Structure formats: C-alpha cells, structure tokens
Amino acid sequence: MQFSESWLRTLVNPSLSSEELSHLLTMAGLEVEENVPVAPAFEKVVVAQVLTKDKHPDADRLSVLTVNVGQTEPLTVVCGAQNVTAGMKAPCALVGAKLPSIEIKQAKVRGVASFGMMCSEKELGLAEESDGLLELAADAVVGQSIREH
C-alpha cells in the first residue's frame with residue numbers, strides 16, 4: 001500500500017526528515033519498502049488561471065492564451081492543448097523552468113511570443129500519456145508552486 005508523505009506528516013512531527021519518518025514507521029512495525037517521489041524533479045511551475053483564449057492567427061491547432069500566474073501582469077502563452085478553456089486552472093511552466101524533458105525559454109511560436117508553457121501530466125512526468133492540460137481544482141491558489149499545491 002502506498003501513502004503520501006505529506007499525509008503521513010499530518011500525523012507526526014512535520015520537521016522529521018524522510019529517513020527519520022521511515023525509521024519511525026519501521027520501528028512501529030510497518031515495513032517501509034521505498035520512499036519514491038511522485039514526480040521527477042522540476043522547478044518554476046505554478047498554478048495558472050487562463051483568462052482568455054484566442055485562435056492563433058497562423059495555426060489552426062494552436063491557441064493564444066492570456067494567463068494569470070500570480071505576477072503583476074498576465075503572461076501570453078501559445079498552447080496546443082485541445083481541452084484549454086477560459087477560466088480553467090492548470091500548471092504553467094515559467095520561462096527558466098526545468099521540466100523532466102525540456103527547459104522552458106521565451107520563444108516565438110508561428111510568429112507569436114510565448115512566455116511559458118501550459119502543462120499536462122506527461123510534461124510534468126506524472127503520466128506516460130496525456131490528452132490535454134492537467135486541470136486543477138477551482139480553489140487552487142494562482143501563483144502557488146505546483147509542488148506545494
């Protein structure tokens with residue numbers, strides 16, 4: 001059976017290291033086989049809310065989004081996900097983010113500047129395949145690190 005470390009920490013001293021927590025569980029008679037992260041390492045990925053969605057002027061399958069990432073100004077992001085809608089919340093990798101398979105840079109996509117990338121489970125290393133953006137709950141805090149969320 002698998003348990004979330006964050007859930008276990010609600011039951012014990014949260015300042016314990018992972019090794020100390022595993023040791024305490026083992027001493028209590030529970031076997032800890034492994035301590036595995038849910039997702040590979042990534043950084044600079046935040047909860048974002050899509051404010052607007054417009055058709056890309058030079059591409060049929062792309063959209064130009066305005067997204068709130070908790071900064072003073074919203075960002076423009078070019079996105080190819082089919083499930084993106086105005087108002088939804090999803091992870092956004094900011095410029096400089098290092099995902100398992102890519103580093104995010106400011107880029108022009110078919111002539112439109114993009115300042116980040118909206119993410120699916122696949123891009124975050126949470127799944128082998130994905131059909132679209134990872135939809136987050138409506139109460140997700142915009143600008144919060146996706147790891148904290």
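Student: What makes the approach of the side chain of Ser 114 to the backbone oxygen of Gly 116 a polar contact?

Tutor: The distance is 3.2 Å. A polar contact is a pair of N or O atoms within 3.5 Å, where, within protein, one atom must be able to donate a hydrogen and the other to accept it, and residues adjacent in sequence count only if both atoms are side-chain atoms. The value of 3.2 Å lies within that limit, so the pair qualifies. The model is predicted, so local features need pLDDT of at least 70 and side-chain atom pairs count only at pLDDT 80 or more, whereas totals for chains, interfaces and linings use all residues. Residues are numbered from 1 along each chain as its sequence is written, and side-chain values use heavy atoms, with hydrogens and water left out.

Student: Is Ser 114 buried or exposed, and how do you know?

Tutor: Buried means under 20% relative accessible area, exposed over 50%, and partly exposed in between (1.4 Å probe, protein chains only). Ser 114 has 4% relative accessibility and therefore counts as buried. This residue lies in strand 6 (residues 112–114); a strand is a DSSP run of E with at least two residues, a helix a run of H or I with at least four, both numbered from the N terminus.

Student: Which residues is Ser 114 in contact with, leaving aside its neighbours within four places in sequence?

Tutor: Contact means heavy atoms within 4.5 Å. The residues that meet this condition include Thr 76, Val 77 and Val 78, and also Lys 105, Gln 106, Ala 107 and Val 109.

Student: Why does Cys 79 form no bond with the closest cysteine sulfur?

Tutor: A disulfide is a pair of cysteine sulfur atoms within 2.5 Å. The sulfur of Cys 79 is 9.3 Å from that of Cys 92, its closest, so the two are too far apart for a bond. For Cys 92 the closest cysteine sulfur is in Cys 119, at 6.7 Å, which is also too far for a bond. By this rule the count is 0 disulfides. Cys 79 is buried at 5% relative accessible area, and Cys 92 is buried at 0%.

Student: How do you know that strand 1 and strand 4 pair?

Tutor: Two strands pair if DSSP finds at least two bridges between them. Strand 1 (residues 43–55) and strand 4 (residues 89–98) share 6 bridges in the antiparallel sense, so the condition is met. Among the partners, Glu 43 is bridged to Lys 98, and Gln 49 stands opposite Lys 89. Strand 1 is also joined by 6 bridges to strand 2 (residues 63–68), again antiparallel; there, Thr 52 has Thr 66 as its bridge partner.

Student: What is the order of the open sheet, and what makes a strand an edge strand?

Tutor: The 5 strands have the order 3-2-1-4-7, with antiparallel pairing. Strand 3 (75–79) and strand 7 (116–118) are the edge strands, as each pairs on one side only.

Student: How many helices and strands does the protein chain have, and in what order do the elements run?

Tutor: The chain has 2 helices and 7 strands. From the N terminus on, the elements run α-α-β-β-β-β-β-β-β. Of its 149 residues, 33% count as buried.
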